[in-house]
Amino acid sequence: SGFNSIGHMDTMLRGRRQIGHCKEGEEFIQNVFHVLFQIFTGKDKSNLSICWLQYEISKVVQCLQAKKKKKLKAQGRRSKRLAKNFLKAPDNRNNLTLWKLYAYLEWLLGNTDDARKVFDTALCTAGTGGLKSAPLCSLSLLYAQLEVELLESIDGAVMSRAVHILTKLTESGPYVPYSGQVLSVNVLKARKTYEHALQGYLSKTPVSDQVSDADQLVNLVGCYALFQYLTVGIDAAVLIYTQASEKLEASSPQKCEKNGENFGIQNFPSALEAVMLLHTNLLRFHMKISVYPLNPLREALTEALKRYPSNQALWRSYIHIQRKSHSASKARRFFDNVTRSTDSLEPWLFAIQAEQLRKKLTEKVQRADVGEVHCTIPETGLTNRIVALFEHAVQSENGTHCPLLWRMYLNFMV
């Protein structure tokens, strides 16, 4: 009892009630965390704390999406209590990743001022690692991104809190909380520092400590591009993403093997994926707050998805922009090409979702102002297309063994 809806059924509706974590399944997961917490020590325990807090944040996000205010309040209290207990542990006091998650949790719960205090406290205690410290860069990047999302337009963004955070990151002195202004001379110095740091990373050959190196490069590119976006404009930010992507593509394992070199850069493909994701997210945000053509975003997404067909965040963005287009043929051709060239199941699932959203939209238009009366002209074309997609998907090697796909198929047929 209880474990059936732990899977990925939370995306489907059962009547009006959205399926989330059911009681028994939730108890099971909590028990696993509690038992492991007694066994682990040191670094492993800190990593487990991070996983646990990420899981709690995922439940908060679920409550936000379902717009359940009462449940959100209770969930928020539980998650905050857990986060505070983690940070009280002596091993975790200087763990910037935990501080970052706690601040993010406060931000999601709508406590913006409290979240800022947590971010500022973490930055003040983080020391003076600057751009060389991966956790510090990651923390500053998230803080700046959240602040940027509050901006209504990019005009006057040079004086914003986000620019202050990204400027302070380049100075090796202690962090000083935002006081309402940013000096132009500091902005110029910061730009030079970012430029040198990025050139330093892009010019050196990959080194042995690969994991932290790749993470650090992603954080640095994210911070520098966001800084350029706020102080210069979108084109300057895109240029940095393009430079970084080209370098990472040139450093990919396939290229190095051809040249007879192998630096053991298994982590670089994931770094390239992260850079592409940051790039597309920034373009999406820019389109939300100002007038900008859709084509650069569409091209960036199709390029990224050809390379990483199983990245769900990229597919979500792709479906989101395709919904605004009245012509489905281009998207259908793209889905068709990707499904033929990969074994991943994600392209099938998102192709089906895209058609289902289109069907829903068509029915909504046909039923307008009539109430729940079934339309006189049934939309059979889309139904047949969706059934055909399901049929092809369940015949693929991975699709045959995917419970989610079968459940979606049954659900659709009902």
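Good morning. I begin with helix α6, whose buried residues are L136, C137, S138, L139, S140, L141, L142, Y143, A144, L146, E147 and V148. That is twelve of the 16 residues, so the helix is mostly covered, where buried means under 20% relative accessible area. Please keep in mind that this is a predicted model.

Let me stay with α6 for a moment. The helix runs over residues 134-149, and its end C-alpha atoms are 23 Å apart; 16 residues at 1.5 Å a residue should span 22 Å, which agrees. At its N-terminal end, α6 is capped by S133, with a side-chain oxygen 3.3 Å from the backbone nitrogen of L136.

Now the overall picture. The protein holds 19 helices and two strands. It has 414 residues, and 46% of them count as buried. If we take contacts between residues at least 6 apart in sequence, 58% join residues at least 24 apart.

Next, the interior. In soluble globular proteins, nonpolar side chains tend to be buried together. Here the largest nonpolar core has 113 residues, of which Y194, L226, L230 and L405 touch the most other members. The helix that gives the most to this core is α9, residues 210-231, with twelve residues. What does L230 contact, leaving aside its neighbours within four places in sequence? Its partners are V148, L151, I154, A157, V158, A162, V163 and L166. One of these partners, V148, is among the buried residues of α6 with which I opened.

I turn to helix α3, residues 69-88. Its 20 residues reach 29 Å from the first C-alpha to the last, close to the 28 Å expected at 1.5 Å a residue. Which residues of α3 are buried? They are L72, Q75, G76, S79, L82, A83, F86 and L87. These residues cover an arc of only 140° around the axis, which puts them on the same side of α3. On the other side, K70, K73, R77, R81 and K88 are exposed. The cover over the buried residues of α3 includes α1 (23-39), α2 (42-66) and α4 (96-108). F86 also belongs to an aromatic cluster, together with F33, F37, W52 and Y55.

Just before this helix, in the loop between α2 and α3, we find K67. Most residues other than glycine have a negative phi. K67 is not a glycine, yet its phi is positive, at about 55°. K67 is exposed, with a relative accessible area of 73%.

Let me move on to the aromatic residues. The structure contains 17 aromatic pairs. In one of them, the ring centres of W315 and Y318 are 5.9 Å apart and the planes stand at 85°, so this pair is edge-to-face. W315 and Y318 are three residues apart in helix α14, residues 312-322, and are thus separated by about one helical turn. Are these two residues buried or exposed? Both W315 and Y318 are buried, and W315 has a relative accessibility of 0%.

W315 also pairs with F350, and here the rings are stacked, at 6.2 Å centre to centre with 15° between the planes. This second pair links distant parts of the chain, as W315 is in helix α14 while F350 is in helix α16 (residues 346-366), 35 residues apart. F350 is buried as well, with a relative accessible area of 8%.

Y318 leads us on to a lysine. K330, in helix α15 (residues 329-341), is in contact with R298 and Y318 once its neighbours within four places in sequence are left aside. The relative accessible area of K330 is 47%, which makes this residue partly exposed.

My last site is S396. Where does S396 lie? Its place is in the loop between α17 (380-395) and α18 (397-400). The side chain of S396 reaches the backbone oxygen of A393 at 2.7 Å. Beyond its neighbours within four places in sequence, S396 is in contact with L345 and W348.

To close, I return to two of the helices. In α6, twelve of the 16 residues are buried. In α3, the buried residues lie on the same side, within an arc of only 140°, and K70, K73, R77, R81 and K88 are exposed on the other. Thank you for your attention.

Methods: Residues are numbered from 1 along each chain as its sequence is written. This is a predicted model: local features need pLDDT of at least 70, side-chain atom pairs count only at pLDDT 80 or more; totals for chains, interfaces and linings use all residues. Side-chain values use heavy atoms; hydrogens and water are left out. Helices (H or I, at least four residues) and strands (E, at least two) are DSSP runs, numbered from the N terminus. The expected span of a helix is 1.5 Å times one less than its number of residues. Buried means under 20% relative accessible area, exposed over 50%, partly exposed in between (1.4 Å probe, protein chains only). The arc is that of the directions from the helix axis to the C-beta atoms. Contact means heavy atoms within 4.5 Å. A polar contact is a pair of N or O atoms within 3.5 Å; within protein, one must be able to donate a hydrogen and the other to accept it, and residues adjacent in sequence count only if both atoms are side-chain atoms. A nonpolar core is a set of buried Ala, Val, Leu, Ile, Met, Phe, Trp, Tyr and Cys residues joined through side-chain atoms within 4.5 Å. Rings of Phe, Tyr and Trp (its six-membered ring) pair if their centres lie within 6.5 Å; planes under 30 degrees apart count as stacked, over 60 as edge-to-face and the rest as tilted.
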